[in-house]
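Let's take a walk through this structure together, one piece at a time. Keep the 3D view open while you read.

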2 protein chains.
Amino acid sequence: MQSSPLTVNESTYRALREKILFGDMLPGRPVTLRGLAESLNVSPTPIRESVRRLIAERALTMHDNRRVSIPVMTAKRFQEIRLARLLLEPELACLAMSSIDQAGINELIEIDLKTDKAVENDDVEGYMRGNYDFHFTIYRHASSDVLLSLVDSLWLQFGPYMRQVYNHLDSITLDDKHRVATRALKNNDVIAFKNAIMEDLQQGMTYIDASNSDL
Amino acid sequence: MQSSPLTVNESTYRALREKILFGDMLPGRPVTLRGLAESLNVSPTPIRESVRRLIAERALTMHDNRRVSIPVMTAKRFQEIRLARLLLEPELACLAMSSIDQAGINELIEIDLKTDKAVENDDVEGYMRGNYDFHFTIYRHASSDVLLSLVDSLWLQFGPYMRQVYNHLDSITLDDKHRVATRALKNNDVIAFKNAIMEDLQQGMTYIDASNSDL
DNA sequence: ATCAACTTTTTGTGATCACAAAACAAGTTT
DNA sequence: AAACTTGTTTTGTGATCACAAAAAGTTGAT
């Protein structure tokens with residue numbers, strides 16, 4: 001898919017991004033440039049640029065000390081993210097709807113099955129990846145770079161915290177809104193689809209909020 | 001206000017940001033790191049990081065050639081930005097409303113007067129700065145970093161294009177929605193305020209859209 | 001004149017170095 | 001024990017260098 005080989009810069013960015021998004025880096029723990037450089041076997045230079053980029057995307061924070069870390073979640077910030085997601089994601093999903101054909105629906109069903117299996121196995125990262133894939137497979141169909149990058153930033157912001165909360169999945173007994181969404185998609189029912197995405201999002205955020213410890 | 005002196009990195013970022021936001025850099029024209037470095041009298045290093053940051057904020061684009069430029073506007077992208085703004089900004093304005101006291105209202109009125117004067121003098125940059133100040137003085141009162149940074153990214157994206165369109169202001173005869181907004185603010189009328197922001201935004205975007213040449 | 005091939009210059013990338021500020025760790029004093 | 005010094009280490013910052021890829025410029029053939 002990618003014709004030209006990735007620059008070191010790009011590959012370190014993606015590596016860090018994955019770590020953040022799926023919970024390999026927990027909030028609060030400090031991050032050092034040289035440490036990351038060594039762990040990824042590159043020089044500090046591309047690390048610095050990747051870190052700067054992630055700071056711009058709000059996935060990382062730079063304190064007055066010039067020290068970098070995953071931002072700690074606060075109740076206030078959590079509600080801000082929740083609101084922003086509710087404003088953008090259902091809308092983005094609707095934009096995507098007309099572009100999703102039967103093959104797309106099948107792909108979503110497959111992702112959903114994979115996600116369910118991860119839940120059964122108490123595989124937290126697998127669940128998070130599945131959830132991410134489900135949503136962004138939909139969102140990408142909207143082919144709206146502007147909205148997509150905004151939403152992307154939001155996921156980068158609550159991802160680490162989500163992982164912090166989802167230590168174990170066995171306690172979760174959620175309605176599978178993903179299934180409701182795919183059904184609405186198959187029926188081409190815009191309202192039901194938008195509602196399903198909204199409820200999925202609300203359900204997830206409410207669960208995280210309720211399970212919080214230090215928030 | 002800022003206790004510690006700015007790093008070179010931060011000051012170059014702000015300088016570039018201002019240039020982009022208020023139209024000193026027009027879409028399409030290529031940008032070179034060494035060129036920026038020389039024009040700001042710093043080494044390429046801080047420039048690279050600032051540019052990366054601005055790329056992450058979608059204010060700049062990197063092509064496959066690895067060449068950087070202000071993104072060219074397309075009709076599609078313009079509509080995406082318009083939609084995103086409509087989803088976020090009225091909401092953000094409402095969040096801010098309760099925190100704006102009489103002093104805040106007076107500040108807004110003053111900004112608005114300054115803006116009107118800029119229009120009279122056909123001072124495009126002054127108008128753009130005034131418009132920016134008006135909106136972000138409101139938005140900052142919401143004290144929602146999450147939403148604010150999303151909106152900030154959107155302004156960085158349409159700023160250069162706005163300037164491209166607003167070559168002269170004399171042809172503009174717009175209702176002053178800012179005045180409507182401040183009046184609603186004084187009356188503590190949430191609905192009227194939200195509407196005023198929305199209409200101001202729609203009016204501006206419609207004007208830009210209609211005046212476009214190559215979009 | 002037009003286009004191709006070659007040469008030169010420019011540009012982004014990534015590594016390395018010097019430096020100052022911050023964090024750390026003992027050791028000392030109160 | 002707690003708080004303050006002092007010396008050491010770690011860390012981010014900014015500049016510089018080498019290198020490869022891309023642009024630009026030049027020459028030559030058709």
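**Two copies, one DNA strand and a small sheet**

The copies meet through the same surface, because 100% of the interface residues of chain B are also interface residues in chain A (two residues are in contact if their C-beta atoms, placed from the backbone, lie within 7 Å). Before going on, know that this is a predicted model, where local features need pLDDT of at least 70, side-chain atom pairs count only at pLDDT 80 or more, and totals for chains, interfaces and linings use all residues. Residues are numbered from 1 along each chain as its sequence is written, while chains are lettered from A and ligands numbered from 1 in the order in which they are written.

How do the copies relate? Turn chain B by 180° with 0.0 Å of shift along the axis, and it superposes on chain A with an RMSD of 0.0 Å (a least-squares fit on C-alpha atoms of residues with pLDDT of at least 70 in both). That is the relation of a two-fold axis.

Now look at DNA strand D. There are 18 residues around it, and among those that come nearest are Leu33(A) and Asn9(B) (near means a C-beta atom, placed from the backbone, within 6 Å).

Finally, find the open sheet of three strands in chain B, ordered β1-β3-β2 with antiparallel pairing (strands are DSSP runs of E, at least two residues, numbered from the N terminus; two pair if DSSP finds at least two bridges between them). β1 (30-31) and β2 (61-62) of chain B stand at the edges with a single partner strand each, so one side of each has no neighbour in the sheet. Two bridges join β2(B) to β3 (residues 68-69) of chain B, and Met62(B) stands opposite Val68(B) in β3(B).

Methods. Helices (H or I, at least four residues) and strands (E, at least two) are DSSP runs, numbered from the N terminus.
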